[in-house]
Amino acid sequence: IINYYDKEAWEEVKALLDKAERIARQKLGSQNPVYANILQNTASIYLEQGDYQKAEENLLQARRIWLVLSEDARKKIADIDILIAQVDIQNENYADAEEKLQEALRDYKKIFSKAHPDYISTKADLARLYYIMGEEKEAEKNIYFVLEAHKRFIRENFPVLSDREKAKAWD
């Protein structure tokens, strides 16, 4: 993985990732949450490298594992849905991406509130998707929600922060 950022070494890194997945599956079992996390993490790397097919395969498999394991895994499933939506956006499957982002929003809303950073971040992803799709009204509605949430966060939290904490918040 050290060579991850070296595009020339991508095939070597890919072989190591495949080997790590096989070992984890053999040692932990194919329905283990640790194995699901490995699939999700390697999918993020594949997504970064533009191997959308392998990223989607890993994400769908991780999602199936979490669905079988527990209803309490909704957060993990929502996180995976967001990554699948990113793959769908790269593949220009906008309707599928919208569906996954909406599912993630529903899950985050059940688990947290509309003020939770994951919910707000997903609304921003949805705004971006709508903008890409040319649906300006929907994009505007979602980005307005995100901006209002950020303003609310600043009003409520910044007064009690030191200057150093305020500067760190923007990094």
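## Buried charges and nonpolar cores

Let's start with a charged residue: Asp81 has a relative accessibility of 0% and therefore counts as buried. Here buried means under 20% relative accessible area, exposed means over 50%, and partly exposed is in between, with a 1.4 Å probe and protein chains only.

A word on the source: this is a predicted model, in which local features need pLDDT of at least 70, side-chain atom pairs count only at pLDDT 80 or more, and totals for chains, interfaces and linings use all residues. Residues are numbered from 1 along each chain as its sequence is written, and side-chain values use heavy atoms, with hydrogens and water left out.

### Salt bridges

Side chains of opposite charge can pair when their charged atoms come close. A salt bridge here is a side-chain nitrogen of Lys or Arg within 4 Å of a carboxyl oxygen of Asp or Glu. The whole structure contains 11 salt bridges, including these:

| Pair | Closest N to O |
|---|---|
| Asp81 and Arg63 | 2.5 Å |
| Arg63 and Glu103 | 2.8 Å |
| Lys54 and Glu21 | 3.6 Å |

Asp81 lies in helix 4 and Arg63 in helix 3, so their pair ties together parts that are 18 residues apart in sequence. Helices are DSSP runs (H or I, at least four residues), numbered from the N terminus. Arg63 is itself buried, with a relative accessible area of 12%.

Arg63 also pairs with Glu103, which counts as buried at 16% relative accessibility. That bridge links helix 3, home of Arg63, to Glu103 in helix 5 (residues 94–111), 40 residues apart. Together with Lys100, the residues Arg63, Asp81 and Glu103 are linked in a network of salt bridges.

Then there is the bridge between Lys54 and Glu21. Lys54 sits in helix 3 and Glu21 in helix 1, 33 residues apart. Both Lys54 and Glu21 are buried.

### Nonpolar cores

A nonpolar core is a set of buried Ala, Val, Leu, Ile, Met, Phe, Trp, Tyr and Cys residues joined through side-chain atoms within 4.5 Å. The largest has 22 residues, and Trp10, Leu17, Ala55, Leu59, Trp66 and Ile80 touch the most other members. Helix 1 (10–28), helix 2 (33–49), helix 3 (52–69) and helix 4 (74–90) each supply at least two residues of this core. Helix 2 gives the largest share, seven residues.

Take Ala55: leaving aside neighbours within four places in sequence, Ala55 is in contact (heavy atoms within 4.5 Å) with Ala43, Tyr46, Leu47 and Val87. Apart from the largest core lies another, of 14 residues, among them Ile82, Ala97, Leu101 and Tyr119.
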